[in-house]
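Hi there,

Here is the structure I promised to pass on. Have a look at it first, then read on for what turned up.

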Amino acid sequence: MTGENARAKQVRPKNPRALDDIDRRLVRLLVANGRMSNSRLALGANIAESTAHTRVSALVDSGVIRGFHADVNLVALGAPVQSLILVKLKDSARPRLRDEAHRLAGVRGVLRVLFLTGQYDLAVTVAASDPSELRDFVVNELSRHPEIAGTETCVILEDVRGDWVPFG
């Protein structure tokens with residue numbers, strides 16, 4: 001989560017509309033392969049190419065599709081140590097929760113910041129080159145920061161992603 005995405009609030013689709021079966025097929029196909037060409041997308045959804053293009057544009061414009069992203073191999077990029085760090089803020093810092101999330105989102109190595117309910121306030125997904133870089137992140141960006149009451153670091157051993165889309 002970097003740049004504009006780090007600063008944007010999680011928002012509902014701009015122009016919510018009911019998705020029909022064609023929209024659902026298009027979304028399913030794009031979740032499986034965001035680089036699919038429009039012609040292959042149309043073929044997979046059994047619709048005309050012009051319809052596929054118009055429908056995908058409408059899904060983007062309405063905010064249903066927020067973007068297209070590369071799923072990169074972090075090991076190949078020199079960041080094989082990944083972790084999920086649970087963060088609890090001090091009670092006095094809770095009004096600045098969003099500010100703290102955006103601060104963390106801008107720190108080198110941070111992939112994502114999630115707002116949580118329960119015992120912890122945030123979960124931060126981090127990629128590091130080695131355990132000492134992870135330790136430095138926890139010490140310098142979390143433990144020493146006056147807003148943070150405590151953390152729990154979970155090293156990610158493997159990342160297995162599903163392809164479930166919430167409509168069948």
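To start with the parts list, the protein chain has six helices and four strands. Keep in mind while you look that this is a predicted model. If you walk along the chain from the N terminus, the elements come in the order α-α-α-α-β-α-β-β-α-β. The chain has 168 residues, and 31% of them count as buried.

**The sheet**

The four strands make an open sheet, and their order across it is β2-β3-β1-β4, with antiparallel pairing. Which strands sit at the edges? They are β2, residues 110–115, and β4, residues 148–156, and each of them pairs on one side only. Going from one strand to the next, the twist averages 20°.

Try finding β1 next, at residues 81–89: it pairs with β4 in the antiparallel sense, over eight bridges. A handy spot to zoom in on is Leu89, which stands opposite Ile148 in β4.

**Helices on the sheet**

Two helices lie across the strands. One is α5, residues 97–105, which lies across β1, β2, β3 and β4 and runs at about 165° to β2. With an angle over 145° counting as roughly antiparallel, α5 is therefore roughly antiparallel to β2. The other is α6, residues 131–143, which also lies across β1, β2, β3 and β4. Helix α6 runs at about 15° to β1, and since angles under 35° count as roughly parallel, α6 and β1 are roughly parallel.

**A helix pair earlier in the chain**

Now turn to α2 (residues 21–32) and α4 (residues 49–61). How do they meet? Their axes come within 10 Å and cross at roughly 80°, which makes α2 roughly perpendicular to α4. On the α2 side, the contact is made by Ile22, Asp23, Leu26, Val27 and Leu30. Helix α4 brings Ala52, Arg55, Val56 and Leu59. Sorted by type, the residues of this contact are seven nonpolar, two charged and no polar.

**The chain as a whole**

Two last numbers for your notes. Take the contacts in the chain with a separation of 6 or more: residues 24 or more positions apart account for 68% of them. As for the surface, the chain exposes about 11100 Å², and carbon and sulfur atoms supply 52% of that.

Have fun turning it around on screen!

Cheers

How values were computed: Residues numbered from 1 in each chain as written. Predicted model: local features only at pLDDT ≥ 70, side-chain atom pairs only at ≥ 80, totals over all residues. Heavy atoms only, no water. Pairing = 2+ DSSP bridges. Axes fitted to C-alpha atoms, helices over the stretch in contact; angles between N-to-C directions. Contact = heavy atoms within 4.5 Å. Parallel < 35°, antiparallel > 145°, perpendicular 65-115°, else oblique. Nonpolar A, V, L, I, M, F, W, Y, C, P; charged D, E, K, R; others polar. Buried < 20%, exposed > 50% of the residue type's maximum accessible area, 1.4 Å probe, protein only. Areas by Shrake-Rupley, 256 points an atom, 1.4 Å probe, with all protein chains shown as cover.
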